[in-house]
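Student: Please take a close look at one part of this predicted model, a loop residue with an unusual backbone angle, and then place that part in the wider structure. I would like one connected account.

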Amino acid sequence: MNTNPMDAVSGAEPTAAPTWRQETLTQRVTGFFLRDRRAMVGMILLVVMLFAAFVGPRLVPYEPDQPNVRNRFAAPSWSHWMGTDRSGRDLLSRVLAGASISFRVAIGAALLALLIGAPLGAVTSYIGGLVDDVTQRCMDAIIAFPARLLAIVLVVLMGPSVVSLWFAIAFSSIPRYARIIRGSVLDQKEREYVEAAHAIGEGRLAILFLYILPNVLPPLAVQVTLDFASAVTVEASLSFLGLGLVPPTISWGGLLNDAQQWLEEAPWLAIFPGAALALTVLSFVLIGDAIRDHLDPRTRRRGGMR
Amino acid sequence: MIRYTLLRALQMIPTVLLVTVAVFVLIIIIPGDPVLSMLGYYADDVTAVPHEIYDRMFRELRLDRPIPIQYLYWLGDALQGDFGKSVVFRVPVIDVVVSRVPATLYLGTASLLIAIAVAVPFGVWAAVKNDTWVDHLASGFVLFGVAVPGFWFGMIVILVFAIYLGWLPSIGYVAPQEDFLRFLKHLIMPATVLGLDVAANILRFQRTDFLDQLHQDYVRTARAKGLPGQLVIWKHVLKNSLIATVTVVGLNTARLLGGSTVIETLFSYPGLSRLLIEAIYARDFPVIQAVVLWMVVLVVVVNFFVDLIYAYLNPRIRYATA
Amino acid sequence: MALLEVHNLTVDFNLGVESLRAVDDVSFTLEPGEALGIVGESGSGKTVTALSIMRLLDPAARITSGQIWFDGQDLVTRDESAMESIRGRRIGMVFQEPMTSLNPGYTVGEQVAEVYRHHLHFSHAEARRSTIEMFERVKLPGAREMFNKYPHEFSGGMRQRVTIAAALACGPSLLIADEPTTAVDVTIQAQILSLLGQLQQDLSLALLFISHDLAVVSELCTRAAVLYGAQLLEVGSTDTIFTAPRHPYTAGLIGSIPQRGQPLEGIGGTIFDLRSPPPGCRFHPRCAYAQPRCGRDVPSLSRSSASSPAEKGHAYACHYPLSAMRK
């Protein structure tokens, strides 16, 4: 009946199903991180970076802003693991301080986009009609702007601060959340169990939360994770350009901006903050990609051509 | 095909208009007095300017008219290439912008060529050799490209090739008509850094889509006809997979032709994006407006061409509208 | 000498942690110009058998043992380039899904013409002319105008004619048709079947026709082989198989063909999971006639003792075959 040999041979698959049904959500999530090598590496990296950001500053003996003119441009050593900068400030302390800012901006921006985009998509697509059309056109217009350009323009308009960075970075990803939710709502609206719920008199809001929300949680989780990654990068780019967080606030982008002038004298000033940045982005990308591949069997397909 | 082209061109108009409105509104909501910033005063101190000068400027900028009228005037001027005078350079904005276009075009084209030359063959190879070392290398490259920010990678490249090895100049730009060899030397590093970044982006889609295409039924039909594997890949699969590739390449083209702010800044490369950042520092709003408008219109126009190529590659769309 | 001889073909799939046997010790022969039907449910291994002959198996699959003799050579041992000169040239194949088995990016004419150019080194003009002739042969209306059309402009039936044209372009001596009519509607199905039958006669083509539908096989084929759960259960002339099946599974298949005036019988239960086949006769959990021995010993394929010409070559794998006089 079926020409795909893989489909044809698998026949019925009754053996796999019963085991996972009994697992709780927590068990399934933990199991996923334990089984998927990428997800595990990403998680370990993320935990290390989070620890560095929120516990790290208490463990280092130097204040990030404490100058020491007699120890300028010291190369990495036992007393200063990452060396010191032009005022003799300890780079490790500064990188750790930058980590917490980076996480605060990234998590704030991604969650803000989620909190605006998801309800927007849910409500407008559930209402449908003109409201939905107008919202869609506006979302199209936002997408026409390159994301980083939009962030630059917005942060210039609102001035450099953590809160304005949240909005500037979140703005361009709002349409993506709205679209994920919209697609799912339109899909689920037609399903029998949603119609049945309507029939037994469940309210619209209840249906949205009870039936539609659980189905969009996985793709939303992927989007949020990948948004953390892009928010970290965008924040660093803006600060690198001198448009995001400006001194005395310490950010990785700012540290890299500073490092530019001293590349020859003190390359470590560029290497360490950049590595911290790359590892943080990597941790989010690894987790996001792993979840996405886990959900989308298309990318899981194996086998090339002989 | 002609009908489709016209139809698609007409669809561009509302988007472009919406974009112009957005860019115009940008200036209105900017904090600060436009007259003062036009006159080169950074402080919002109205008393610092003589009344008659202020009033003349106010009328010259048509700030006494209602906002929709202001927009129409502005749009009319913009269509004729008149974006006003640059606050900093004291010359027409259009001249400033045009002087920066070539540098960005060279960098954009060079990086795009590098990106395509790396990503397309690599993506095909990785998909065909799925789950082998080639594929893992490709996945590693994609992860590297996505995780490592271009400006940090650029710094490392400067560190190695300019500072330690001394092979290439670390920053700056020389026009090709001045000295072509030095032009190339200045172009290599930024173009490679930007090109590899974009290559990772393209590869990410190319590999997945190609793998998907390889498992389509038509591939098996083509092989059942006795066509050699290489012919099937490069003739049958590539044409279908190009549909997705063109889309992602198109998105990146628009980005590249607008210039990369961080790369141009890092390499002190005098392109449009660098101009944007300079204008922001100097609060040169007419220039900001013109550059932003240019970049967004570029996205819309490039998308138009992407759609045309898309239609050429995908007969279903070509005929659906004909 | 037989055109195609499949001896003890065994194909295993490696699914990462586990593996399964998709074709288990299957043997059959096909004479030149003869039509053999392979019948079975999904997962019975009929498609995998066909793909083994073409050597177009999924990378996860491997021919573990057996031989496939075609025209004096064992295809199992041929290398890829040797297979490329056989596929499309000596053996043509038509697939199940006409909607997806043509490349959406090229015209239907090009997809036939390239076969002529590749195998017979025709020029573009010659290939075009031959393609149009072939289109006429498969009764594609307005063959000349059809050349530059794209697959999406065609109905399923028309596309299937195009794939048949491509498969027969170089005059192969064997055509493998894998459920060519399953995905098209009933009226088109009849047309395609009669086209295949006619082409088989006209070109004295050997046909390996794969189907889940015994009724269709009986119309088109002179012999039939019944597969169940990767194994061959019964093989013989369609007449014998239809009128006097010896294996209860074959009888069950015939019982599930709707016939006027007779109650519809089905086979109870579903096919087992190939990853864990039952011991003994694979059909015994669903067999109404199963005895204790059926769950222990694997029945081997044995020839029918009857010696009438119609019964020649009839073989079945059953410990307790049905009486030959049952129907």
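Tutor: B:Ser268 is partly exposed, because 14 other C-beta atoms lie within 10 Å of its own, and a residue counts as buried only at 20 or more and as exposed at 12 or fewer. The model is predicted, and the values below are computed from it. B:Ser268 sits in the loop between α11 (261–266) and α12 (272–281) of chain B. Its phi is positive, near 45 degrees, and the residue is not a glycine. That deserves a second look because most residues other than glycine have a negative phi.

Two other residues can be set beside it. C:His121, also not a glycine, has a positive phi of about 55 degrees. C:His121 lies in the loop between α3 (108–120) and α4 (124–137) of chain C. With 9 other C-beta atoms within 10 Å, C:His121 is exposed. Back in chain B, B:Arg62 follows helix α3 (residues 51–60) and has a positive phi near 55 degrees. That helix, α3(B), is hardly covered: the count of buried residues among its 10 residues is zero.

Next, the confidence of the chain that holds B:Ser268. The mean pLDDT of chain B is 81, and 92% of its residues reach 70 or more. Among the elements of this chain, helix α9 (residues 217–224) has the highest mean pLDDT, 90, and helix α14 (residues 315–321) the lowest, 57. Where pLDDT is low, the predicted coordinates should not be read in detail.

Chain B is divided into domain 1 (2–93) and domain 2 (98–321). Their centres, taken over C-alpha atoms, are separated by 33 Å. The contact between them takes 24 residues from domain 1 and 19 residues from domain 2 of chain B. On the domain 1 side, helix α1 (residues 2–29) of chain B gives the most, with 14 residues.

Chain B also touches chain A, in a contact that takes 35 residues from chain A and 43 residues from chain B. On the side of chain A, the helices that each supply at least two residues are α7 (129–144), α8 (147–158), α12 (204–240), α13 (252–260), α14 (268–295) and α15 (297–300). The largest share of that side, seven residues, comes from α14(A). Chain A itself has 15 helices and zero strands. Of its 306 residues, 43% count as buried. Among contacts in chain A between residues at least 6 apart in sequence, 67% join residues at least 24 apart.

The nonpolar core comes next. The largest one has 254 residues, and those with the most contacts inside it are A:Ala109, B:Val291, C:Ala165, C:Ile176 and C:Leu208. Helix α6 (residues 91–127) of chain A contributes the largest share, 17 residues. Domain 1 and domain 2 of chain B both give residues to this core, so the core lies between them.

C:Ile176, one of those core residues, leads to the sheet of chain C. Leaving aside residues up to four places away in sequence, C:Ile176 touches C:Ala50, C:Ile53, C:Met54, C:Ile91, C:Met93 and C:Leu208. The sheet is open and mixed, with eight strands in the order β6-β7-β8-β3-β9-β10-β12-β11 (chain C). At its edges stand β6 (91–94) and β11 (302–303) of chain C, each with a single partner strand, so one side of each is left without a neighbour in the sheet.

β6(C) pairs with β7 (residues 174–178) of chain C in the parallel sense over four bridges. In this pairing C:Gly92 stands opposite C:Leu175, and C:Met93 stands opposite C:Ile176. β7(C) also runs parallel to β8 (residues 206–211) of chain C, to which five bridges join it, with C:Leu175 opposite C:Leu207. Between these two strands the chain passes through helix α7 (residues 186–202) of chain C, in a right-handed β-α-β crossover.

Five of the five residues of β7(C) are buried, so this strand is largely enclosed by the rest of the structure. In a regular strand the side chains alternate between the two faces of the sheet. Here C:Leu174, C:Ile176 and C:Asp178 are buried on one side, and C:Leu175 and C:Ala177 on the other, which leaves both faces of β7(C) covered. B:Ser268, where this account began, is partly exposed.

Definitions and conventions:
Residues numbered from 1 in each chain as written. Chains lettered and ligands numbered in written order. Predicted model: local features only at pLDDT ≥ 70, side-chain atom pairs only at ≥ 80, totals over all residues. Contact = placed C-beta atoms within 7 Å. pLDDT = per-residue confidence, 0-100. Pairing = 2+ DSSP bridges. Right-handed = clockwise from strand over helix to strand, strands pointing away. Core = buried A, V, L, I, M, F, W, Y, C linked by C-beta atoms within 7 Å. Domains from an automatic or database assignment.
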